[in-house]
Amino acid sequence: MNENIYESMKAAVAELATTAKLQEGKLLVVGCSTSEVRGGHIGKDSSLDVASDLFTALSEVQYEYGFDIAIQCCEHLNRALVMEHHAVEARGYEEVNVVPVQHAGGSMATTAYATWSDPVLVEHVKADAGIDIGDTFIGMHLKHVVVPVRLSVTEIGAAHVTAARVRPKFVGGDRAQYNEALK
């Protein structure tokens with residue numbers, strides 16, 4: 001196990017979970033290029049070992065907070081997402097038929113699919129927060145309105161890390177008042 005990658009991932013996801021108030025019933029989308037984590041070019045140096053370290057850290061934080069996870073596949077699967085079946089059913093998402101593999105789906109999605117007891121894939125989600133490791137572009141899978149989260153962890157391995165949470169839309173005009181807890 002690469003302790004640096006594991007610890008960086010765990011710290012980043014825990015910080016995001018706290019900031020985004022992730023808990024049971026919330027959904028975190030994860031985009032990850034293990035190639036970028038290794039210092040390579042996205043899609044060119046995929047690693048199941050790196051994915052295992054990242055997935056282990058992610059799973060530990062998920063267990064602590066209770067949120068659900070959607071792992072984004074690569075462009076070869078049109079950025080479909082791996083989720084646990086119970087989370088798909090709870091949200092009424094439509095399952096699609098494809099199985100991610102290392103070079104068509106990515107190592108992180110492949111690891112999730114192999115590890116979860118009842119994994120399925122979906123084409124679209126509307127997540128409550130997201131973490132993007134290696135500039136994989138997860139924005140299409142977040143609810144409106146997206147708010148950037150500036151994490152203290154800015155890199156995992158050699159990969160650039162960004163994160164976001166969502167908030168409800170503000171509606172109304174000059175006289176409208178808002179619930180400060182939802183900002």
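Trainee: Which residues of α5 are buried?

Mentor: They are Ser107, Met108, Ala109, Thr110, Thr111 and Ala112. Before we go on, this is a predicted model, with local features needing pLDDT of at least 70 and side-chain atom pairs counting only at pLDDT 80 or more, while totals for chains, interfaces and linings use all residues. Residues are numbered from 1 along each chain as its sequence is written, and side-chain values use heavy atoms, with hydrogens and water left out.

Trainee: What makes a stretch a helix or a strand here?

Mentor: Both are DSSP runs, numbered from the N terminus: a helix is H or I over at least four residues, and a strand is E over at least two. As for α5, it spans 107–115.

Trainee: What do the buried residues of α5 pack against?

Mentor: Their partners are α1 (3–19), β1, α2, α3 (48–65), β2 (68–72) and β3 (81–84). Contact means heavy atoms within 4.5 Å.

Trainee: Why is Thr136 called buried?

Mentor: Buried means under 20% relative accessible area, exposed means over 50%, and partly exposed is in between (1.4 Å probe, protein chains only). Thr136 has 7% relative accessibility, so it counts as buried. You'll find Thr136 in the loop between β6 (129–133) and β7 (146–149). Leaving out neighbours within four places in sequence, Thr136 is in contact with Gly31, Cys32, Ser33, Ile42, Gln72 and Arg79.

Trainee: And His141, buried or exposed?

Mentor: His141 has a relative accessible area of 1%, so it is buried. That residue also sits in the loop between β6 and β7. Its contacts, again skipping neighbours within four places in sequence, include Val29, Gln72, Arg79 and Leu81.

Trainee: How do you know that Lys10 and Glu60 form a salt bridge?

Mentor: A salt bridge needs a side-chain nitrogen of Lys or Arg within 4 Å of a carboxyl oxygen of Asp or Glu. For Lys10 and Glu60 the closest N and O atoms are 2.9 Å apart, so the pair passes. This one links distant parts of the chain, with Lys10 in helix α1 and Glu60 in helix α3, 50 residues apart.

Trainee: Why do we call Lys10 partly exposed?

Mentor: Its relative accessible area is 28%, so it falls between the two cut-offs. Glu60, at 31%, counts as partly exposed too.

Trainee: How many salt bridges are there in the whole structure?

Mentor: The search finds five. Among them is Arg91 with Asp68, at 2.9 Å from N to O. Arg91 is in helix α4 (residues 85–91) and Asp68 in strand β2, 23 residues apart. Arg91 is partly exposed at 22%, whereas Asp68 is buried at 11%.

Trainee: What makes Glu180 and Lys183 a salt bridge?

Mentor: Their closest N and O atoms are 3.0 Å apart, and that distance is within the cut-off. Glu180 is exposed, with a relative accessible area of 56%, while Lys183 is partly exposed at 39%.

Trainee: Why does Arg165 have no salt bridge by that rule?

Mentor: Lys and Arg count as positive, Asp and Glu as negative, and His and the chain ends are not counted. For buried Arg165, the nearest side chain of opposite charge is Glu180, 10.0 Å away, so it fails the salt-bridge rule. Arg165 is in strand β9 (residues 159–166). A polar atom of its side chain does lie 2.6 Å from the backbone oxygen of Lys183.

Trainee: What is notable about the phi of Lys21?

Mentor: Most residues other than glycine have a negative phi, and most peptide bonds are trans. Lys21 has a positive phi of about 55° although it is not a glycine. Asn78 also has a positive phi, near 55°. Lys21 is exposed at 54%, and Asn78 is exposed at 66%.

Trainee: Which peptide bond is cis, from His144 on?

Mentor: That would be the bond from His144 to Val145, with omega near 5°. Val145 lies in the loop between β6 and β7.

Key: A polar contact is a pair of N or O atoms within 3.5 Å; within protein, one must be able to donate a hydrogen and the other to accept it, and residues adjacent in sequence count only if both atoms are side-chain atoms.
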